[in-house]
Amino acid sequence: MARTVLDYVPTPKQAVFHASAADEVLYGGAAGGGKSRAIVMEALIRALETPGARCYLFRRTYPELQDTLISEALRSIPPQLGRYHQTRRDFELVNGSVLRFRHCARDADRFRYQGAEMHHLFIDELTHFSLEVYDYLRTRLRAPKGLRIRPVVRCASNPGGAGHAWVKARFVDAGEAGATHTRSVWSDALQAAQERTLLYLPATCHDNPHLSADYVFELEQKPPRLREALLHGRWDAFEGQAFSEWRDEKEGYDTGCGSHVVRPFDVPREWPRWRSFDFGYARPFSVGWWAVSPDGAVYRYREWYGAAGPDQGLRMDPSAIARGIREQEAAFEQGLHVSGVADPSIFDGSRGESIAQRMQAEGVYFEKGENARLPGKMQLHARLALDGQGRSGLYVFSTCRAFLRTLPALACDPARPEDVDTAGEDHAYDETRYFLMARPYAPAAPKAAARRAIDPFS
C-alpha cells in the first residue's frame, strides 16, 4: 500500500489526549475545544496500529452521530485507507480493522450490544448517557490475547445533560485535572483487585487555534452561567441547568452573603428541626436534616446519603435505614424533637406492609410529603433567590457533600423545561422538595430584609 499522510496536526491538548496511557480518559469542558475530532482520530490511530481491531464510537442518537462523528470521519479519513458502509454505519479499513458508529438513545438500548466485542470504546458527549449505559458498555470491552492490545475508554463531553452529575463525580472530582489518578477495582469472581487509571483533561475554546474569532464572540454573548460553561468549561454552570441561581462562593461561607453554602456552626437548640427522606434501594436514598431560623430561613445542617457510587444505591432494607436514622438522631439531636416528612410513595401498603410502617416499627416517623413537582420546584427557586443584601432563604452546610454535588448538576427536562430531568441524580433534591412543601415560603418584603433578629453569621 502506498504511503498515506493524514491531514491532522493535533493541538497541544489533543496531543495529550492521544498520548495518555490511562484506562479511561475524559476530554471535556468548553465548546469548540476540538473534542469530537480528537475522538475520531484517536479511534483511527488505534485501528491502524492493530489490524483487526474493532473500535466502537457512540453518540446518544443517530442524527447526532451522523452530524458529528460520522461526518468527521468522512471528512478526515483519506479514502485510500478504507470505505464507509452507510447501511451498517461501519468504516472498514484496509488492514481489517473497523470503526463502528453506534447510538444508544434509550437506556434499554444498551442491551443491543450484549454480544459485542469492543476492543476500544469511544463516547462523544458522555453527559448525554446514564451511568448504567456507560458501565454496561464497558463490560463489552475485551480483546483476544492474540491482538496484544489493552482495551481503553476515551470520551469527550461538554458540561450539562442528564448525566452531568455522575460524569463530574467520576472524572472532574477525581482529583487534579490533567493528572492520572489510580483506583482499585475488586473482582468477586477472581477474588483479586486490579488497579485502573483515569484522567480528566479539561478543554477551553483557547485550546483550539482553528476556531474563528466569530465563534468565540458568539459564546461570549451568552448568559453569564452558560458563557462560563461553553467558553471556559466550568462544570458548575451549564446550559439547561435547573437551578441557575445556585451560588457556592467561599467568600460567603462565613457571612451567608452571596453564597448558599456556609461553614457549619452550632445550630441553636430552640430552632425547629426537620428530617426529610427520599427512599431508594437500587438508587440512593437520601435523608436531610434541616433547622429553621426565627426569620424563616432553612439550613441543611446534616445529611445521610445512601450511595455505593454516583446514582447507585446501597440496597439497604428500610428497617436498617430507620435504625440508622434513629441512631444518628440519638447521637446528634440529644433529645430534641425532629419532625419527619417523606416521599408519599413509602406509605403505599397495597402490596403488604408499607415502607413507612416498617420504619415506624423502628421508632422513625414521617408525615406524607406533598409530591407536586412544579410547586415544589418553585419553592426551591423562591428560597434560592438572593435579597438586596445577598441573603437567601436556604443555606447548606459545606459538609453536606451529596447535596452540593447533585443539586447544582440537575438539568431541566428537555420535554418539560419547567421540571427537573428525572434521569439525573435527583434524590437529595426530591427530599428537599418534600420539606419545603411542608413549610411553604413567601419571600419577605424588601423592607424586612435588613438584619436578622438572630444571625448565625454575626
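How many aromatic pairs does the structure hold? In this predicted model, the count comes to 21 aromatic pairs. A few of them make a good starting point for a reader who is meeting the structure here.

An aromatic ring pair is described by two things, the distance of the centres and the angle of the planes. One of the pairs joins Y84 and F91, whose ring centres lie 6.1 Å apart. With 40° between the planes, the Y84–F91 pair is classed as tilted. Both residues can be placed with respect to the surface as well. Y84 has a relative accessibility of 15%, and because buried means under 20%, Y84 counts as buried. F91, at 3% relative accessibility, also counts as buried.

A stacked arrangement is found for W290 and F435. Here the centres are 4.9 Å apart, and the planes meet at 15°. W290 belongs to strand β12, which covers residues 285–292, while F435 belongs to helix α12, residues 427–438; the pair therefore ties together parts that are 145 residues apart in sequence. Are these two residues buried or exposed? Both W290 and F435 are buried.

Rings can also be joined into a group. One such cluster is made up of F265, W271, Y299, Y395 and F397, linked by ring pairs.

Charged side chains meet aromatic rings too. R140 lies over the face of Y136, at a distance of 5.4 Å from the ring centre. In a second case, the charged end of R273 is placed over the ring of Y301, 5.3 Å from the centre of that ring.

Attention can now turn to the space inside the model. The structure has one cavity of 30 Å³ or more, and the largest cavity encloses about 40 Å³ of space. Which residues line the largest cavity? The lining consists of G161, A162 and A165, together with A409, L410 and A411, and with D421, G424 and E425. By character, five of the lining residues are nonpolar, two are polar and two are charged.

A last stop is S354, a residue in the loop that runs between β15 (338–342) and α9 (355–360). Why does S354 count as buried? Its relative accessible area is 4%, and S354 is buried because the limit for that label is under 20%. Leaving aside residues up to four places away in sequence, S354 touches I346, F347, D348 and G349.

Key
Residues are numbered from 1 along each chain as its sequence is written. This is a predicted model: local features need pLDDT of at least 70, side-chain atom pairs count only at pLDDT 80 or more; totals for chains, interfaces and linings use all residues. Side-chain values use heavy atoms; hydrogens and water are left out. Rings of Phe, Tyr and Trp (its six-membered ring) pair if their centres lie within 6.5 Å; planes under 30 degrees apart count as stacked, over 60 as edge-to-face and the rest as tilted. Buried means under 20% relative accessible area, exposed over 50%, partly exposed in between (1.4 Å probe, protein chains only). Helices (H or I, at least four residues) and strands (E, at least two) are DSSP runs, numbered from the N terminus. A charge sits over a ring if NZ of Lys or CZ of Arg is within 6 Å of the ring centre and within 35 degrees of the ring normal. On a 1 Å grid over the protein atoms alone, a cavity is a set of points where a 1.4 Å probe fits but cannot get out, and a pocket is an open set with protein on both sides within 12 Å along at least five of seven lines; lining residues have an atom within 4 Å of a point. Grid points are joined across faces, edges and corners, and a volume is the space filled by probe spheres set on the points. Ala, Val, Leu, Ile, Met, Phe, Trp, Tyr, Cys and Pro count as nonpolar, Asp, Glu, Lys and Arg as charged, and the others, Gly among them, as polar. Contact means heavy atoms within 4.5 Å.
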